[in-house]
Amino acid sequence: MAAIVSLFAFVFAIVGLSNLSIIQAQKDGFSVELIHRDSPKSPLYNHLDTTYNRVTNALRRSFNRVHRFKPTSVTTMEAEVDIIADSGEYLMNIAIGSPAFDIFAIADTGSDLIWTQCKPCSQCFPQNGPLFDPTASSTYKKFSCRTSQCGDVEGTSCSRNGSCQYSVSYGDGSYSNGEVASDTLTLDSTTGSPVVVPNVIMGCGHDNDGSFDENTSGIIGLGGGDSSLISQLGTTVDGKFSYCLLPFSEAGNSSKMNFGSDAIVSGNGAVSTPLTKQSPQTFYFLTLEAISVGTNRIKFTDKPFGTDQGNIIIDSGTTLTLLPDEFYSELESAVSSMINAPKVNGPEGLNLCYDATTEFAVPDITVHFSGADVKLQPLNTFVLVSETVACFTFSPVPNFAIYGNLAQMNFLVGYDTIKQTVSFKPSVCSNYWKNMDITYIIRSIASHIYYWKSSGVGKSVSKGNDGPFKSKKKR
């Protein structure tokens with residue numbers, strides 16, 4: 001249903017190839033297209049799924065993902081690399097090798113290593129596309145365990161013939177094992193010319209299994225570790241990347257992930273907060289000072305990572321914003337006290353839910369990071385899990401904190417790994433009407449009208465970013 005604000009997972013859909021060197025990318029920056037995971041354009045789209053199915057699946061991915069962030073989820077002596085093992089939140093269509101070989105891989109800000117399933121494969125999870133054959137690439141090079149490149153990947157070991165081997169494993173049983181190598185990587189861009197990056201360190205997986213989706217072939221790590229795509233692009237893009245996450249109500253449209261000079265977030269409304277270096281360096285740690293509900297400022301005193309600084313991870317692959325139990329209870333109580341609507345039961349993991357068949361006012365909620373106040377919209381704080389139930393998009397977890405992608409929706413979020421900052425700017429993440437053909441526009445309008453009538457909110461529904469919810473007006 002077009003009007004429903006749902007959960008995300010986007011596909012980096014990249015089309016058309018010509019030639020653009022990484023040197024040109026350094027001068028001009030470049031962008032790739034983002035497509036909603038539940039959009040008909042997505043290879044993960046399932047027309048049989050209901051909105052409730054999509055919400056439930058996204059919730060499951062959120063809670064499963066928490067375990068992958070914790071060091072105890074990774075066995076000793078194995079790489080601390082996050083793998084989205086349950087169909088993933090994002091896909092990136094890239095090309096590796098010479099000649100270029102197209103693959104779809106999960107793009108993840110909580111991962112470092114770039115790896116794909118390779119021939120020969122002693123154990124591979126099913127994938128729709130063909131496996132990458134390293135012997136067919138003239139630029140493929142595997143490393144010995146004595147090379148510096150081998151040291152850039154955590155948890156490597158030596159094979160009997162002295163080649164560098166990687167191994168990643170997680171508590172849910174997913175894993176990938178293979179050789180560390182390098183090859184040419186090609187990213188298409190909205191400039192019309194691809195970005196060609198030589199000698200990118202990658203993993204060639206010969207033994208891989210778990211609950212990976214058949215539309216994927218591996219992982220594209222966008223984290224802060226040495227082997228991630230961002231770190232390997234490094235100064236060539238000045239350590240910058242940004243994204244803008246579309247609401248589900250705009251499925252079928254596209255937004256961009258930007259690199260280099262195109263990724264600078266500035267101008268009216270932009271705020272920045274420091275990144276804090278912590279272990280593991282894969283994750284992007286921010287400092288959360290408080291969350292305000294209306295004028296009630298609730299101070300965040302928890303230290304889930306052992307320090308006042310860097311007490312929350314920002315992650316594009318986790319749906320909900322997850323907070324320590326006691327702090328969450330205070331936040332829920334403050335929100336609940338300002339909403340006059342019947343409470344109802346929602347999906348497991350969502351504690352605060354309301355009857356959405358009648359309009360209710362959503363209080364102003366502001367997230368106070370160090371040096372950056374981020375005022376959320378109702379579509380960031382409440383999600384329709386069915387036609388009749390709306391739930392708060394924050395959830396409790398024991399001694400942990402993640403700032404999820406629902407809270408980031410319709411914000412331009414920029415990472416500067418050189419200056420060590422993350423910036424937020426309220427944005428409309430797509431040119432909604434420009435990118436749709438007339439058939440989609442008519443269908444979208446019809447869906448909105450049907451939803452407004454069926455939900456009982458009628459003419460009083462806000463038709464802006466609030467969706468079916470109404471912001472609480474200041475008196």
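**Entry 1. Disulfide count**

I took a disulfide to be a pair of cysteine sulfur atoms within 2.5 Å. The model I examined is predicted. By this rule I counted 6 disulfides. I then numbered the bonded cysteines in sequence order and recorded the pairing as 1-8, 2-3, 4-6, 5-7, 9-12, 10-11. I looked up three of the pairs in detail, as set out below.

**Entry 2. C118 and C204**

I found a disulfide between C118 and C204, with 2.0 Å between the sulfur atoms. I next asked where the two cysteines lie in the chain. C118 is in the loop between β6 (115–117) and β7 (141–142), whereas C204 belongs to strand β11 (residues 195–209). The two are 86 residues apart, and I noted that the pair links distant parts of the chain. I read the torsion about the S-S bond of C118 and C204 as about -110°, so I entered this disulfide as left-handed. For accessibility, I recorded both C118 and C204 as buried.

**Entry 3. C121 and C124**

I then turned to C121, which a disulfide joins to C124. The S to S distance here is 1.5 Å. The torsion about the S-S bond of C121 and C124 is about 80°, and I therefore entered the disulfide as right-handed. Are these cysteines buried or exposed? I found C121 to be partly exposed because its relative accessible area is 26%, and buried would require a value under 20%. C124 is likewise partly exposed, with a relative accessible area of 23%.

**Entry 4. C353 and C391**

I looked up the disulfide that joins C353 to C391 and noted an S to S distance of 2.0 Å. The torsion about the S-S bond of C353 and C391 is about 105°, which means that the disulfide is right-handed. I located C353 in strand β21 (residues 353–355) and C391 in strand β26 (residues 389–392). The pair therefore ties together parts that are 38 residues apart in sequence. I recorded both C353 and C391 as buried.

**Entry 5. N268**

My last entry concerns an asparagine. I placed N268 in the loop between β14 (254–259) and β15 (271–274). I asked how exposed N268 is. Its relative accessible area is 75%, and the cut-off for exposed is over 50%, so I entered N268 as exposed. I also looked up P426, which is 158 residues from N268 along the chain. The C-alpha atoms of N268 and P426 are separated by 9.2 Å.

Technical notes. Residues are numbered from 1 along each chain as its sequence is written. This is a predicted model: local features need pLDDT of at least 70, side-chain atom pairs count only at pLDDT 80 or more; totals for chains, interfaces and linings use all residues. Side-chain values use heavy atoms; hydrogens and water are left out. Helices (H or I, at least four residues) and strands (E, at least two) are DSSP runs, numbered from the N terminus. Buried means under 20% relative accessible area, exposed over 50%, partly exposed in between (1.4 Å probe, protein chains only).
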